[in-house]
Amino acid sequence: MKVIRGGRVWLGAAEGFREGLEIVVEGSRITDVRPSQPDQPTPSQETGAREAEVIDATGHLVLPGFVNAHTHAAMTLLRSYADDMALHPWLTEAIWPAEARMTPEDIYWGSLLAIIEMIRGGTTAFADMYFFEDQTARAVAESGIRAALAPGLVDGEAFEARLQTVRELAATWHGEAGGRIRIMVGPHAPYTASQGLSRAAELAGELGLAIHIHLSETRKEVEESLAQHGLTPIQVAERAGVFQVPTLAAHCVHVTDGDVELLREHRVKVAHNPTSNMKLGSGRAPVQKMLQAGVLVAIGTDGTASNNDLDMLEETRLAAFLAKMEEAPQALPAATCLEMMTVYGAEALGFADVGRIAPGYQADLILVDTSGPHWTPLFDPAANLIYSGKGADVKTVVVAGELLMERGELKTVDEERVLHEVRQRAQRIARA
Ligand code: NI
């Protein structure tokens, strides 16, 4: 049993931050959120079991961990490998040729590096789409983080073999690591997996899995889809049956009113990736419009070759600023941002009991240090967090009741070893 005592606890947009509470964690779950009892020694169980471990959160915000709703974790191997390019040449001339040189073991180490960066910035769960996802699953299981992993699918000779990989991965990993790992099906996008979209949707339906896909990321993608099919990419996905299963759609930058209505009707969850959209010159997703239409929008970083980091606080701040930029300062207020990066993200990944500090929820919690100059004064902790907080202010991270970082010290991963491995491997991959 753990008791997190002190600090200001986030209870959701309606209640905001509250002081004078303590959170009781038993096993992987939160079992109580109650007025704190600082003057009494924590009662040990009647059974004579061990005394509770107290985590002192004085001077910190206590929040549900952040959920990164769209990334490609092992792309850490390609950080700063190819920059200042548009999406299509970036993919075809730089990224895909380098990815063809990656081994399963590379993916394992690249994923671990991403996981370290995410834990350090307060991310406790992420949605991934890549290849050799069994290696990412291994890294997730060992590190203690939570993830929804989608093996990427693209058209071509290997498509059927890749579908078989999805089956095997689901049989081995879906619901494993104490429920921390979910498997999704990852048709890359309508323009790269057009033949396979309906097969991917059928397989997801058969296995009871959700789909993770890129939709309407660039204007070029939408124009080519209209020219080829007379349909937007979102309409193509809908016709192929993708939305018959729960779907997480990354980007949705260039969407028509009809597209937004389709997303709402089919309860498609959107992962908004403002940095990647800005850096690749893709455009600005109409986030406020989608939220107002009743579409769930979560926040993702995308991969570190197009971001180039995995800092969810920075990502969410940029989402807020981008939404406000064109004379809409009321758009995406801090409390909404906090919901998007926690409970909306958890729902987008398919974790129903993650993302809130309440009894029965998974104990995925972070402690954010508010002692720094950029936190002073602290009139509105949500505003401090979103508009001036830094990823490095996250000091302690708990996932499923386990400490992954305590006062800045990682507990489950050998950081030095991982950095060394990635430096070596990235050199080999970059050498064409
Ligand atoms: Ni992506």
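In this predicted model, helix 13 and helix 14 lie roughly perpendicular to each other, because angles of 65 to 115 degrees count as such. The angle at which helix 13 (residues 334–349) and helix 14 (residues 381–388) pack is about 70°, and their axes are 8 Å apart. The crossing by which helix 13 passes helix 14 is left-handed. On the helix 13 side, the contact involves Ala-334, Cys-337, Leu-338 and Met-341, which meet Ala-382, Ala-383, Leu-385, Ile-386 and Tyr-387 of helix 14. Sorted by class, this contact of helix 13 with helix 14 holds nine nonpolar residues, with no polar and no charged ones.

A second helix pair is formed by helix 2 (residues 104–120) and helix 3 (residues 133–143), whose axes come within 8 Å and cross at roughly 40°. Helix 2 and helix 3 are therefore oblique to each other. Here the crossing is right-handed. Helix 2 contributes Pro-104, Glu-105, Ile-107, Tyr-108, Ser-111, Leu-112 and Ile-115 to the contact, while helix 3 supplies Gln-135, Thr-136, Arg-138, Ala-139, Val-140, Glu-142 and Ser-143. The residues in this contact of helix 2 with helix 3 comprise seven nonpolar, four polar and three charged.

Next comes the pairing of helix 4 (residues 159–173) with helix 6 (residues 197–207), packed at an angle of about 20° with axes 11 Å apart. Since angles under 35 degrees count as roughly parallel, helix 4 is roughly parallel to helix 6. The two helices, 4 and 6, make a right-handed crossing. Phe-159, Glu-160, Leu-163, Val-166, Arg-167 and Ala-170 form the helix 4 side of the contact, and Arg-199, Leu-203, Glu-206 and Leu-207 form the helix 6 side. In the contact of helix 4 with helix 6, six residues are nonpolar, none is polar and four are charged.

We can now turn from helix packing to the metal site. The nickel ion is coordinated through NE2 of His-70, His-72 and His-214 and through OD of Asp-302, at 2.1 to 2.4 Å. Along the chain, these donors of the nickel ion follow the spacing H-x1-H-x141-H-x87-D. The pair His-72 and His-214 links distant parts of the chain, 142 residues apart: His-72 sits in the loop between strand 8 (66–71) and helix 1 (87–99), and His-214 belongs to strand 13 (residues 211–215). The angles among the four donor atoms of the nickel ion run from 83 to 174°, and the site is irregular.

Technical notes:
Residues are numbered from 1 along each chain as its sequence is written. This is a predicted model: local features need pLDDT of at least 70, side-chain atom pairs count only at pLDDT 80 or more; totals for chains, interfaces and linings use all residues. Side-chain values use heavy atoms; hydrogens and water are left out. Axes are lines fitted to C-alpha atoms, for helices over the stretch in contact, and angles run from 0 to 180 degrees between N-to-C directions. Angles under 35 degrees count as roughly parallel, over 145 as roughly antiparallel, 65 to 115 as roughly perpendicular and the rest as oblique. A crossing is left-handed if the near helix is turned anticlockwise from the far one by less than a right angle, and right-handed if clockwise. Contact means heavy atoms within 4.5 Å. Ala, Val, Leu, Ile, Met, Phe, Trp, Tyr, Cys and Pro count as nonpolar, Asp, Glu, Lys and Arg as charged, and the others, Gly among them, as polar. Donors are N, O and S atoms within 2.8 Å of the metal (3.2 Å for Na, K and Ca); water is not among the atoms, so sites may look incomplete. Four donors count as tetrahedral if all angles lie between 85 and 135 degrees; four count as square planar and six as octahedral if opposite donors are over 155 degrees apart and all others between 65 and 115; anything else is irregular.
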